[in-house]
Amino acid sequence: MTVPAATLDPLFTPARIGTLELANRIVMAPMTRCFAPNGVPGADVARYYRRRAEGGVGLIVTEGAWIPHPGAANDERTPRLYGEDALAGWRAVVREVHAAGGKIMPQLWHVGLSPKPELENLYDKVDENYDGATSPSGYVTIGRKVTEGSSEADIVAAIAAYAQAAANARACGFDGIEIHGAHGYLPDQFFWHETNHRRDHWGGPTLKERARFGVEVVRACRAATAPDFPIVFRFSQWKGQDYNARLAQSPQELAPLLEQLSEAGVDAFHASQRRFWEPAFKGSPLNLAGWARALTGKPAITVGSIGLTLAMEETWDAGMVARPAKLDAAAEMVARGEVDFVAIGRALIADAELVAKVRAPTTADSIAAYEGSLLANFV
Ligand code: FNR
C-alpha cells in the first residue's frame with residue numbers, strides 16, 4: 001500500500017491551546033519515570049525532555065509531579081512541584097526544552113486514596129485510625145471503604161496545594177499546566193460515583209454535582225496564575241483500579257462535567273483512552289476527545305496506543321519505512337476537525353526522534369533502525 005506523506009500533513013500544522021502557540025499537533029503524553037531521587041529532577045531528566053523537543057514534539061507534558069499536600073505522593077523518586085531543590089531542577093528542564101524550540105507543561109498530580117501496599121489488609125474493613133490519604137469517602141475502589149472521607153478543611157487545603165503548584169509551575173517558566181484528573185486519582189475519585197458517596201456540596205447523585213472538586217481546582221489554579229496561563233485538564237472513563245469503569249454512560253451525562261470545567265478556565269481537554277480509535281459512546285464514531293471538543297468547543301487531545309506496533313509503508317521514493325501504527329488514522333481525526341492534538345506515550349519513550357522520522361522518513365528509518373532505536377533511545 002502506498003501512503004502519501006501528505007496523509008500526515010494535518011499533524012504538522014500550527015495550533016493553539018489558549019494563548020500558547022504550538023508548531024504541530026503532536027504532544028508527548030505524561031509518563032511517570034521514577035528517575036528523580038528525593039523528588040528532584042536532575043540534569044538527566046532535562047536531557048530526556050530536551051531530546052523529545054529536539055525530535056520535534058510540539059508540546060511535552062511531563063510525568064506527573066506532586067503537589068504540596070500530605071498524601072499527594074506515593075513514590076519518592078517521582079518529582080515534586082514544590083521545594084527550592086526540585087523547582088531549580090524544573091527550571092533547568094524548562095530552559096533545555098525551550099533552547100531546543102519546544103514547549104512544556106508539568107502534570108499536577110495528587111494520588112488521593114489509591115491502592116497502596118499498606119492498604120492491602122484494610123480492603124475489607126474500615127480502619128478508624130487510617131488517615132493516610134485525602135479522599136471523598138474513604139473508598140479505595142468499588143465497595144472497598146478503608147477510612148472515612150476527608151474533612152472540609154483537608155479538601156480546601158488540597159485545592160490550595162494545586163494552586164500553589166500551578167503558581168510554582170508558572171514561576172519556573174513552564175508554558176502551562178496539565179491537571180491530572182484521570183485514572184482514578186484524586187479529582188477522579190470525586191467524579192466517580194463508586195468512590196464519591198458524599199451528600200454534601202462535594203458530592204451527590206449526579207456527575208454535575210461530583211464535578212465540584214475538579215472545578216474548584218481549576219478555578220484556584222487560574223486565580224493563582226494568570227488569565228491567559230494555559231490550563232489543560234486530563235480526564236478518563238477508565239481507572240487504574242478498573243479499566244471498564246465509566247464516569248458517564250452518554251454524552252449528555254458527560255456534558256455537565258466538561259462544561260463546568262471549561263467555564264472554570266480549562267483551555268484544552270486531554271481525554272485519556274487506552275485505544276484512541278474506539279468510539280466513546282454507542283451511536284457515534286467520536287472518541288472521548290472528540291466528545292470533549294464537541295461538548296465544550298475547546299481544543300482536545302486524543303491518546304492511546306499510537307505506534308505500539310509498526311506499520312510498514314511504502315513511500316514513493318523512500319522505499320520501505322517504519323511508521324508508527326495508526327498515526328495516519330489519528331491525522332485523519334485532526335483533519336476532520338474531531339480532535340486538535342494527538343498525544344503519544346510509549347512510542348516516544350522508545351524513540352526520541354519519532355516525530356522527525358515520521359515527518360521525513362528515509363530508508364535509514366527502516367524497521368531495523370527503528371527497532372535499534374528502541375534500545376538506544378530509552379534514556
Ligand atoms: C503512563 N501514563 C500516565 N498518565 C498520566 O496521566 N500521568 C502519568 O504520570 C502517567 N504515567 C505513565 C507511565 C508509563 C510508563 C506509561 C506507559 C503510561 C499514561 C500515558 O500518559 C498514556 O495515556 C498511555 O501510555 C497511552 O498512551 P500510549 O503509550 O499508548 O501512546
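# Exercises on a predicted model

**Exercise 1. Which residues of helix 8 are buried, and what covers them?**

Solution.
Step 1. Find helix 8, residues 288–296. Its buried residues are Leu288, Ala289, Gly290, Trp291, Ala292 and Thr296. Note that this is a predicted model.

Step 2. Look at the spacing. In an α-helix, residues three or four places apart point the same way, because there are 3.6 residues a turn.

Step 3. Look for the cover. Over the buried residues of helix 8 lie, among others, strand 9 (231–236) and helix 7 (251–264). Strand 10 (268–272) and strand 11 (300–303) also belong to the cover.

Step 4. Check both ends. At the start of helix 8, Asn287 brings a side-chain oxygen to within 3.1 Å of the backbone nitrogen of Ala289. After helix 8 comes Gly297, with a positive phi near 75°.

**Exercise 2. Asp175 has no salt bridge. Describe what surrounds Asp175 instead.**

Solution.
Step 1. Place the residue. Asp175 sits in the loop that runs between helix 3 (152–172) and strand 8 (177–180).

Step 2. Search for an opposite charge. Asp175 is buried, and the nearest side chain of opposite charge is Lys103. The distance to Lys103 is 4.6 Å. A salt bridge needs a side-chain nitrogen within 4 Å of a carboxyl oxygen, so the pair does not qualify.

Step 3. List the polar partners. The side chain of His98 makes a polar contact with the side chain of Asp175, at 2.8 Å. A polar atom of the Asp175 side chain also lies 2.8 Å from the backbone nitrogen of Ile104.

Step 4. Widen the view. Leaving out residues up to four places away in sequence, Asp175 touches Leu20, His98, Lys103, Ile104, Met105, Phe229 and Pro230.

**Exercise 3. How many salt bridges does the structure hold, and which parts of the chain do the pairs Asp9–Arg359 and Lys239–Asp188 link?**

Solution.
Step 1. Take the total. The structure holds 19 salt bridges.

Step 2. Start with Asp9 and Arg359. Their closest N and O atoms are 3.0 Å apart. Asp9 is in the segment before strand 1 (15–17), and Arg359 is in helix 11 (residues 354–359). The two are 350 residues apart, so this salt bridge links distant parts of the chain.

Step 3. Check exposure for this pair. Asp9 is partly exposed, at 34% relative accessible area. Arg359 is partly exposed too, at 40%.

Step 4. Turn to Lys239 and Asp188. Here the closest N and O atoms of the salt bridge are 2.8 Å apart. Lys239 lies in the loop between strand 9 and helix 7, while Asp188 lies in helix 4 (residues 186–191), so the pair ties together parts 51 residues apart in sequence. Both Lys239 and Asp188 are buried.

Step 5. Add two further cases. Glu338 forms a salt bridge with Arg336, with 2.7 Å between the closest N and O atoms. Glu338 is buried, with a relative accessible area of 16%. Arg50, Glu54 and Glu96 join in a network of salt bridges.

**Exercise 4. Are Ser114 and Ala223 buried or exposed?**

Solution.
Step 1. Begin with Ser114. The residue lies in the loop between strand 5 (104–109) and strand 6 (139–141). Its relative accessible area is 4%, so Ser114 counts as buried.

Step 2. Find its polar neighbour. A polar atom of the Ser114 side chain lies 2.6 Å from the backbone oxygen of Val111.

Step 3. Move to Ala223, in helix 6 (residues 212–224). Relative accessibility is 68% here, so Ala223 is exposed.

Step 4. Compare chain and space. Ala163 is 60 residues from Ala223 along the chain, yet their C-alpha atoms are separated by 7.7 Å.

**Exercise 5. How many disulfides does the structure hold, and how accessible are Cys34 and Cys221?**

Solution.
Step 1. Count the disulfides: the structure holds 0.

Step 2. Check the two cysteines. Cys34 is partly exposed, at 25% relative accessible area. Cys221 is buried, at 0%.

**Exercise 6. What do the totals say about the whole protein?**

Solution.
Step 1. Count the elements. There are 12 helices and 14 strands.

Step 2. Take the burial. Of the 379 residues, 58% count as buried.

Step 3. Take the contacts. Among those between residues at least 6 apart in sequence, 71% join residues at least 24 apart.

Step 4. Finish at the surface. The accessible surface is about 14900 Å², and 53% of that belongs to carbon and sulfur atoms.

Conventions
Residues are numbered from 1 along each chain as its sequence is written. This is a predicted model: local features need pLDDT of at least 70, side-chain atom pairs count only at pLDDT 80 or more; totals for chains, interfaces and linings use all residues. Side-chain values use heavy atoms; hydrogens and water are left out. Buried means under 20% relative accessible area, exposed over 50%, partly exposed in between (1.4 Å probe, protein chains only). Helices (H or I, at least four residues) and strands (E, at least two) are DSSP runs, numbered from the N terminus. Contact means heavy atoms within 4.5 Å. A polar contact is a pair of N or O atoms within 3.5 Å; within protein, one must be able to donate a hydrogen and the other to accept it, and residues adjacent in sequence count only if both atoms are side-chain atoms. Lys and Arg count as positive and Asp and Glu as negative; His and the chain ends are not counted. A disulfide is a pair of cysteine sulfur atoms within 2.5 Å. Accessible areas come from the Shrake-Rupley method with a 1.4 Å probe; for residues, only the protein chains shown count as cover.
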